[in-house]
Amino acid sequence: MPEFITPPPVERGDRVAVVAPASNVPASARFVYELGLERMREVFDLEPIEYPTATADPEWLADNPEARAEDVMDAFRDPDVSAVIANIGGHDQITVLPHLDGDVLREHPTRFYGYSDNTNLALFLWNQGIVSYYGGSTLLEYAMDGELFDYTEEYLGRALFEESIGEWTEADVFTDEAGDWEDPASIETTREIEQSDGRTWRGGDGTVSGRIWGGCYEVLVEQFLADRYVPDADALDGTVLVLETSELIPDPAVVGANLRALGEHGLLERFDGVLVGRAAARSHAEENPQEWRAEYRERQRDAIVGVLETYNPDAPVVFDCEFGHTYPTCPVPIGGRVEIDPSTESVRLL
(Lines give C-alpha, C1' and ligand atoms only; values in the text may rest on other atoms or scores of the structure.)
Protein backbone atom coordinates (compact mmCIF):
# COMPACT_ATOMS: atom_id res chain seq x y z
CA MET A 1 0.00 0.00 0.00
CA PRO A 2 1.40 3.46 -0.86
CA GLU A 3 2.04 6.19 1.70
CA PHE A 4 -1.03 8.42 1.68
CA ILE A 5 -1.38 12.16 1.78
CA THR A 6 -4.58 14.12 2.27
CA PRO A 7 -4.14 17.29 0.20
CA PRO A 8 -4.43 20.56 2.14
CA PRO A 9 -7.93 21.85 2.89
CA VAL A 10 -9.51 24.53 0.76
CA GLU A 11 -9.98 28.00 2.25
CA ARG A 12 -12.91 30.30 1.58
CA GLY A 13 -12.07 32.63 -1.26
CA ASP A 14 -9.81 30.07 -2.94
CA ARG A 15 -9.77 29.31 -6.65
CA VAL A 16 -11.11 25.85 -7.56
CA ALA A 17 -10.81 24.18 -10.96
CA VAL A 18 -14.03 23.05 -12.65
CA VAL A 19 -13.39 20.21 -15.11
CA ALA A 20 -15.20 17.42 -16.97
CA PRO A 21 -12.94 14.35 -16.80
CA ALA A 22 -15.93 12.05 -17.36
CA SER A 23 -18.90 13.50 -19.26
CA ASN A 24 -20.93 16.71 -19.30
CA VAL A 25 -24.40 18.11 -19.87
CA PRO A 26 -25.32 19.30 -23.37
CA ALA A 27 -25.45 23.03 -24.03
CA SER A 28 -29.24 22.96 -23.62
CA ALA A 29 -28.78 22.17 -19.92
CA ARG A 30 -26.17 24.85 -19.28
CA PHE A 31 -28.57 26.38 -16.72
CA VAL A 32 -27.77 23.51 -14.33
CA TYR A 33 -24.05 24.12 -14.68
CA GLU A 34 -24.47 27.85 -14.08
CA LEU A 35 -26.43 27.13 -10.89
CA GLY A 36 -23.59 24.91 -9.68
CA LEU A 37 -21.05 27.71 -10.21
CA GLU A 38 -23.35 30.20 -8.52
CA ARG A 39 -23.62 27.99 -5.42
CA MET A 40 -19.84 27.56 -5.31
CA ARG A 41 -19.53 31.34 -5.15
CA GLU A 42 -22.46 32.26 -2.94
CA VAL A 43 -22.74 29.34 -0.51
CA PHE A 44 -19.09 28.28 -0.18
CA ASP A 45 -17.29 31.49 -1.15
CA LEU A 46 -15.18 29.72 -3.78
CA GLU A 47 -13.89 31.16 -7.05
CA PRO A 48 -14.60 28.56 -9.78
CA ILE A 49 -12.10 28.57 -12.65
CA GLU A 50 -13.55 26.93 -15.76
CA TYR A 51 -11.08 24.68 -17.56
CA PRO A 52 -11.63 23.89 -21.27
CA THR A 53 -13.44 20.59 -20.68
CA ALA A 54 -15.88 22.17 -18.22
CA THR A 55 -18.09 23.53 -21.01
CA ALA A 56 -17.10 21.12 -23.79
CA ASP A 57 -19.67 19.14 -25.76
CA PRO A 58 -20.18 15.60 -24.36
CA GLU A 59 -19.54 14.00 -27.76
CA TRP A 60 -16.28 15.91 -28.12
CA LEU A 61 -15.24 14.78 -24.65
CA ALA A 62 -15.93 11.16 -25.59
CA ASP A 63 -13.58 11.50 -28.56
CA ASN A 64 -10.82 13.29 -26.62
CA PRO A 65 -9.76 11.40 -23.49
CA GLU A 66 -6.29 12.99 -23.77
CA ALA A 67 -7.81 16.46 -23.35
CA ARG A 68 -9.71 15.34 -20.27
CA ALA A 69 -6.51 13.97 -18.74
CA GLU A 70 -4.64 17.17 -19.60
CA ASP A 71 -7.23 19.33 -17.85
CA VAL A 72 -6.90 17.26 -14.69
CA MET A 73 -3.10 17.47 -14.70
CA ASP A 74 -3.11 21.20 -15.52
CA ALA A 75 -5.47 21.81 -12.62
CA PHE A 76 -3.31 19.78 -10.22
CA ARG A 77 -0.19 21.64 -11.42
CA ASP A 78 -1.69 25.10 -10.90
CA PRO A 79 -0.36 26.41 -7.54
CA ASP A 80 -3.32 28.81 -7.29
CA VAL A 81 -5.93 26.01 -7.46
CA SER A 82 -6.95 24.46 -4.13
CA ALA A 83 -9.41 21.85 -5.42
CA VAL A 84 -10.47 20.13 -8.63
CA ILE A 85 -14.22 19.59 -9.04
CA ALA A 86 -15.71 17.25 -11.65
CA ASN A 87 -18.96 18.28 -13.29
CA ILE A 88 -20.63 14.85 -13.33
CA GLY A 89 -20.02 11.15 -13.98
CA GLY A 90 -20.20 9.33 -17.29
CA HIS A 91 -19.36 5.91 -18.71
CA ASP A 92 -15.87 5.85 -20.26
CA GLN A 93 -13.39 7.53 -17.93
CA ILE A 94 -11.30 4.39 -17.88
CA THR A 95 -10.04 5.53 -21.31
CA VAL A 96 -8.65 8.70 -19.69
CA LEU A 97 -6.38 6.89 -17.24
CA PRO A 98 -3.65 5.86 -19.74
CA HIS A 99 -3.10 9.56 -20.49
CA LEU A 100 -2.53 10.58 -16.85
CA ASP A 101 0.98 11.06 -15.48
CA GLY A 102 1.08 9.75 -11.93
CA ASP A 103 4.29 11.68 -11.22
CA VAL A 104 2.54 14.97 -11.96
CA LEU A 105 -0.33 14.14 -9.62
CA ARG A 106 1.98 12.99 -6.82
CA GLU A 107 4.13 16.12 -7.10
CA HIS A 108 1.08 18.40 -6.88
CA PRO A 109 -1.48 16.72 -4.57
CA THR A 110 -4.79 18.58 -4.75
CA ARG A 111 -8.24 17.76 -3.41
CA PHE A 112 -10.35 16.11 -6.11
CA TYR A 113 -14.15 15.80 -5.94
CA GLY A 114 -16.26 13.60 -8.20
CA TYR A 115 -18.49 10.54 -8.15
CA SER A 116 -19.81 7.71 -10.35
CA ASP A 117 -17.48 7.31 -13.39
CA ASN A 118 -14.94 9.41 -11.49
CA THR A 119 -14.33 6.25 -9.46
CA ASN A 120 -11.72 5.58 -12.14
CA LEU A 121 -9.80 8.72 -11.29
CA ALA A 122 -10.26 8.19 -7.55
CA LEU A 123 -8.71 4.73 -7.78
CA PHE A 124 -5.89 6.06 -9.95
CA LEU A 125 -5.20 8.67 -7.25
CA TRP A 126 -5.43 5.93 -4.59
CA ASN A 127 -2.60 4.12 -6.37
CA GLN A 128 -0.56 7.34 -6.16
CA GLY A 129 -1.28 7.64 -2.43
CA ILE A 130 -3.53 10.70 -2.82
CA VAL A 131 -6.82 10.94 -0.92
CA SER A 132 -9.75 12.14 -3.07
CA TYR A 133 -13.43 12.72 -2.33
CA TYR A 134 -16.30 10.64 -3.70
CA GLY A 135 -18.96 13.31 -4.14
CA GLY A 136 -19.26 17.07 -4.47
CA SER A 137 -19.91 17.30 -8.24
CA THR A 138 -20.84 20.59 -9.91
CA LEU A 139 -24.06 19.39 -11.55
CA LEU A 140 -25.41 17.29 -8.67
CA GLU A 141 -24.58 18.41 -5.14
CA TYR A 142 -23.89 22.07 -5.93
CA ALA A 143 -26.72 22.40 -8.48
CA MET A 144 -29.42 20.51 -6.56
CA ASP A 145 -32.89 21.65 -7.58
CA GLY A 146 -34.71 24.07 -5.29
CA GLU A 147 -32.05 24.61 -2.67
CA LEU A 148 -29.07 22.80 -1.22
CA PHE A 149 -29.79 20.19 1.39
CA ASP A 150 -28.56 21.43 4.77
CA TYR A 151 -26.86 18.05 5.10
CA THR A 152 -24.96 18.55 1.83
CA GLU A 153 -23.89 22.05 2.85
CA GLU A 154 -22.57 20.74 6.17
CA TYR A 155 -20.68 17.69 4.90
CA LEU A 156 -19.47 19.18 1.64
CA GLY A 157 -18.20 22.08 3.71
CA ARG A 158 -16.31 19.69 5.99
CA ALA A 159 -14.83 17.88 2.98
CA LEU A 160 -13.67 21.18 1.54
CA PHE A 161 -12.49 23.13 4.55
CA GLU A 162 -11.51 20.62 7.25
CA GLU A 163 -8.59 18.25 7.73
CA SER A 164 -11.09 15.41 8.30
CA ILE A 165 -14.85 15.01 8.16
CA GLY A 166 -15.26 13.41 11.60
CA GLU A 167 -18.50 11.88 12.85
CA TRP A 168 -20.67 10.92 9.87
CA THR A 169 -24.28 11.03 11.01
CA GLU A 170 -27.40 9.91 9.17
CA ALA A 171 -29.60 12.19 7.09
CA ASP A 172 -33.29 12.46 7.94
CA VAL A 173 -34.47 12.60 4.32
CA PHE A 174 -33.34 11.58 0.85
CA THR A 175 -34.28 11.65 -2.82
CA ASP A 176 -33.43 9.53 -5.82
CA GLU A 177 -35.65 11.48 -8.21
CA ALA A 178 -33.79 12.54 -11.35
CA GLY A 179 -33.59 16.21 -12.23
CA ASP A 180 -35.39 17.55 -15.30
CA TRP A 181 -32.53 19.04 -17.28
CA GLU A 182 -34.72 19.89 -20.25
CA ASP A 183 -36.71 22.58 -18.43
CA PRO A 184 -34.84 25.60 -16.99
CA ALA A 185 -37.71 26.21 -14.57
CA SER A 186 -37.17 22.80 -12.97
CA ILE A 187 -34.23 23.97 -10.88
CA GLU A 188 -36.63 26.20 -8.92
CA THR A 189 -38.61 23.17 -7.68
CA THR A 190 -37.39 20.76 -5.01
CA ARG A 191 -37.21 17.10 -6.03
CA GLU A 192 -39.50 14.57 -4.34
CA ILE A 193 -38.21 14.08 -0.81
CA GLU A 194 -38.71 10.90 1.23
CA GLN A 195 -38.21 10.29 4.93
CA SER A 196 -35.20 8.11 5.66
CA ASP A 197 -35.47 4.99 7.80
CA GLY A 198 -31.81 5.41 8.69
CA ARG A 199 -28.94 3.09 8.01
CA THR A 200 -29.17 -0.69 8.09
CA TRP A 201 -26.47 -2.57 9.99
CA ARG A 202 -25.61 -6.18 9.16
CA GLY A 203 -22.61 -8.49 9.45
CA GLY A 204 -20.04 -8.56 12.24
CA ASP A 205 -20.34 -6.65 15.51
CA GLY A 206 -16.71 -5.74 16.12
CA THR A 207 -15.32 -2.23 15.73
CA VAL A 208 -13.06 -1.88 12.71
CA SER A 209 -10.98 0.88 11.17
CA GLY A 210 -9.14 1.00 7.89
CA ARG A 211 -8.34 2.92 4.76
CA ILE A 212 -11.20 3.39 2.29
CA TRP A 213 -11.16 1.86 -1.20
CA GLY A 214 -13.94 1.53 -3.78
CA GLY A 215 -16.68 3.63 -5.35
CA CYS A 216 -19.34 2.96 -7.98
CA TYR A 217 -20.18 -0.74 -8.42
CA GLU A 218 -20.45 -0.59 -12.21
CA VAL A 219 -17.03 1.07 -12.51
CA LEU A 220 -15.44 -1.40 -10.11
CA VAL A 221 -16.65 -4.23 -12.36
CA GLU A 222 -14.90 -2.52 -15.30
CA GLN A 223 -11.75 -2.04 -13.24
CA PHE A 224 -11.53 -5.69 -12.26
CA LEU A 225 -12.15 -6.77 -15.85
CA ALA A 226 -9.46 -4.44 -17.20
CA ASP A 227 -7.08 -5.42 -14.35
CA ARG A 228 -4.74 -2.49 -15.05
CA TYR A 229 -5.39 -0.13 -12.13
CA VAL A 230 -6.65 -2.40 -9.35
CA PRO A 231 -4.02 -2.59 -6.59
CA ASP A 232 -2.39 -5.84 -5.59
CA ALA A 233 -4.65 -7.88 -3.34
CA ASP A 234 -2.22 -7.54 -0.43
CA ALA A 235 -2.64 -3.74 -0.58
CA LEU A 236 -6.35 -4.18 0.16
CA ASP A 237 -5.76 -6.12 3.39
CA GLY A 238 -7.46 -4.31 6.25
CA THR A 239 -9.16 -1.73 4.06
CA VAL A 240 -12.85 -0.81 4.08
CA LEU A 241 -14.82 -1.25 0.85
CA VAL A 242 -17.25 1.50 -0.15
CA LEU A 243 -19.77 0.48 -2.76
CA GLU A 244 -22.84 2.02 -4.39
CA THR A 245 -24.89 1.31 -7.49
CA SER A 246 -25.79 3.87 -10.13
CA GLU A 247 -29.01 5.03 -11.78
CA LEU A 248 -28.64 2.04 -14.14
CA ILE A 249 -30.49 0.17 -11.35
CA PRO A 250 -28.61 -3.13 -11.71
CA ASP A 251 -30.41 -6.35 -10.88
CA PRO A 252 -29.52 -7.28 -7.27
CA ALA A 253 -28.91 -10.86 -8.39
CA VAL A 254 -26.27 -9.62 -10.83
CA VAL A 255 -24.68 -7.44 -8.14
CA GLY A 256 -24.52 -10.47 -5.89
CA ALA A 257 -23.07 -12.67 -8.64
CA ASN A 258 -20.26 -10.22 -9.38
CA LEU A 259 -19.44 -9.89 -5.69
CA ARG A 260 -19.45 -13.68 -5.43
CA ALA A 261 -16.84 -13.79 -8.18
CA LEU A 262 -14.67 -11.43 -6.13
CA GLY A 263 -15.19 -13.73 -3.18
CA GLU A 264 -14.03 -16.73 -5.19
CA HIS A 265 -11.04 -14.64 -6.27
CA GLY A 266 -10.10 -14.21 -2.60
CA LEU A 267 -10.72 -10.46 -2.54
CA LEU A 268 -13.81 -9.99 -0.35
CA GLU A 269 -12.04 -11.49 2.65
CA ARG A 270 -9.43 -8.71 2.45
CA PHE A 271 -11.86 -5.98 3.56
CA ASP A 272 -12.40 -5.38 7.27
CA GLY A 273 -15.72 -3.61 6.70
CA VAL A 274 -18.13 -2.51 3.98
CA LEU A 275 -20.07 0.75 3.55
CA VAL A 276 -22.89 0.65 0.98
CA GLY A 277 -24.55 3.79 -0.40
CA ARG A 278 -28.34 4.01 -0.51
CA ALA A 279 -29.33 2.57 -3.88
CA ALA A 280 -30.92 4.73 -6.55
CA ALA A 281 -34.07 2.98 -7.76
CA ARG A 282 -35.21 5.35 -10.51
CA SER A 283 -33.64 7.51 -13.19
CA HIS A 284 -34.30 9.76 -16.17
CA ALA A 285 -35.13 6.65 -18.15
CA GLU A 286 -36.98 4.58 -15.56
CA GLU A 287 -39.61 5.81 -13.09
CA ASN A 288 -40.62 3.25 -10.47
CA PRO A 289 -43.26 3.52 -7.72
CA GLN A 290 -42.19 4.03 -4.11
CA GLU A 291 -43.09 0.50 -2.95
CA TRP A 292 -41.04 -1.03 -5.77
CA ARG A 293 -38.09 1.21 -4.89
CA ALA A 294 -38.16 0.17 -1.24
CA GLU A 295 -38.40 -3.50 -2.21
CA TYR A 296 -35.52 -3.09 -4.69
CA ARG A 297 -33.26 -1.68 -1.97
CA GLU A 298 -34.14 -4.56 0.33
CA ARG A 299 -33.33 -7.10 -2.42
CA GLN A 300 -29.99 -5.41 -2.95
CA ARG A 301 -29.18 -5.52 0.78
CA ASP A 302 -30.07 -9.21 0.91
CA ALA A 303 -27.95 -10.01 -2.16
CA ILE A 304 -24.87 -8.25 -0.78
CA VAL A 305 -25.24 -9.67 2.73
CA GLY A 306 -25.78 -13.16 1.36
CA VAL A 307 -22.43 -13.05 -0.41
CA LEU A 308 -20.56 -11.49 2.52
CA GLU A 309 -21.96 -14.09 4.93
CA THR A 310 -20.11 -16.68 2.86
CA TYR A 311 -16.84 -14.90 2.17
CA ASN A 312 -16.42 -12.40 5.01
CA PRO A 313 -18.99 -12.96 7.79
CA ASP A 314 -17.08 -10.96 10.42
CA ALA A 315 -17.04 -7.71 8.45
CA PRO A 316 -19.59 -5.13 9.63
CA VAL A 317 -21.74 -3.93 6.73
CA VAL A 318 -23.52 -0.57 6.82
CA PHE A 319 -26.23 0.03 4.20
CA ASP A 320 -28.03 3.21 3.11
CA CYS A 321 -25.06 5.48 3.70
CA GLU A 322 -25.22 8.99 2.29
CA PHE A 323 -23.02 8.80 -0.77
CA GLY A 324 -23.48 7.99 -4.42
CA HIS A 325 -26.54 8.42 -6.64
CA THR A 326 -29.10 9.44 -4.01
CA TYR A 327 -29.05 12.75 -2.20
CA PRO A 328 -28.01 14.37 0.10
CA THR A 329 -24.46 13.09 0.23
CA CYS A 330 -21.27 13.30 2.20
CA PRO A 331 -18.09 13.27 0.06
CA VAL A 332 -16.35 10.08 1.18
CA PRO A 333 -12.53 10.29 1.32
CA ILE A 334 -11.24 7.50 -0.91
CA GLY A 335 -7.88 6.65 0.59
CA GLY A 336 -8.81 8.26 3.90
CA ARG A 337 -9.44 6.29 7.06
CA VAL A 338 -12.77 5.31 8.60
CA GLU A 339 -13.84 3.78 11.90
CA ILE A 340 -17.03 1.68 12.03
CA ASP A 341 -18.50 0.87 15.46
CA PRO A 342 -21.53 -1.45 15.32
CA SER A 343 -22.05 -1.23 19.10
CA THR A 344 -22.96 2.46 18.80
CA GLU A 345 -23.94 2.31 15.11
CA SER A 346 -21.51 5.12 14.39
CA VAL A 347 -19.16 5.89 11.49
CA ARG A 348 -16.25 8.30 11.77
CA LEU A 349 -14.24 9.57 8.80
CA LEU A 350 -10.86 10.09 10.44
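**Entry 1: a pair in α4**

I began with D103, which at 40% relative accessibility counts as partly exposed. I noted early that this is a predicted model, and I kept that in mind for every entry that follows. The partner I found for D103 is R106, and the two form a salt bridge in which the closest N and O atoms are 2.1 Å apart. I looked up R106 as well, and at 40% relative accessibility R106 counts as partly exposed. Both residues belong to helix α4 (residues 102-107), where they are three residues apart and are therefore separated by about one helical turn.

**Entry 2: a pair in α7**

I then turned to E154 and R158, whose side chains meet in a salt bridge with an N to O distance of 2.4 Å. These two lie four residues apart in helix α7 (residues 150-161), so about one helical turn separates them. I wrote down that E154 is partly exposed at 37% relative accessibility, and that R158, at 21%, is also classed as partly exposed; burial would require a value under 20%.

**Entry 3: a pair between two loops**

Next I followed the salt bridge in which the side chains of D234 and R270 meet, at 2.9 Å from N to O. D234 sits in the loop between α8 (217-226) and β11 (240-244), while R270 sits in the loop between α9 and β12 (273-277), so the pair ties together parts that are 36 residues apart in sequence. Is each partner buried or exposed? I found D234 exposed, with a relative accessibility of 56%, whereas R270 is buried, with a relative accessible area of 19%.

**Entry 4: the network and the count**

I also traced a network of salt bridges that links D176, E192, E194, R282, E287, R293 and R297. For the structure I recorded a count of 24 salt bridges. As a reminder to myself, side chains of opposite charge can pair when their charged atoms come close.

**Entry 5: α9 against α10**

I moved on to the helices and looked up how α9 (residues 252-264) lies against α10 (residues 290-311), and I found that their axes come within 9 Å and cross at roughly 15 degrees. That angle makes α9 roughly parallel to α10, since angles under 35 degrees are counted that way. The crossing in which α9 passes α10 is right-handed. On the α9 side I listed P252, V255, G256, L259, R260, G263 and E264, and these meet Y296, R299, Q300, A303, I304, V307 and Y311 of α10. Sorted by character, the residues of this contact come to eight nonpolar, three polar and three charged.

**Entry 6: α5 against α8**

For helix α5 (residues 119-127) and α8, I noted axes that come within 9 Å and cross at roughly 55 degrees. The two helices are therefore oblique to each other. Which residues make the contact? From α5 I recorded T119, N120 and L123, and from α8 I recorded V219, L220 and Q223. The contact of α5 with α8 divides into three nonpolar, three polar and no charged residues.

**Entry 7: S28**

My last look was at S28, which is found in the loop between β1 (15-19) and α1 (30-42). With a relative accessible area of 57%, S28 is exposed. I compared its position with that of F161, and the two are 133 residues apart in sequence and 33 Å apart in space, taken from C-alpha to C-alpha.

Methods: Residues numbered from 1 in each chain as written. Predicted model: local features only at pLDDT ≥ 70, side-chain atom pairs only at ≥ 80, totals over all residues. Heavy atoms only, no water. Axes fitted to C-alpha atoms, helices over the stretch in contact; angles between N-to-C directions. Parallel < 35°, antiparallel > 145°, perpendicular 65-115°, else oblique. Left-handed = near helix turned anticlockwise from the far one by under 90°. Contact = heavy atoms within 4.5 Å. Nonpolar A, V, L, I, M, F, W, Y, C, P; charged D, E, K, R; others polar. Salt bridge = Lys/Arg side-chain N within 4 Å of Asp/Glu carboxyl O. Buried < 20%, exposed > 50% of the residue type's maximum accessible area, 1.4 Å probe, protein only.
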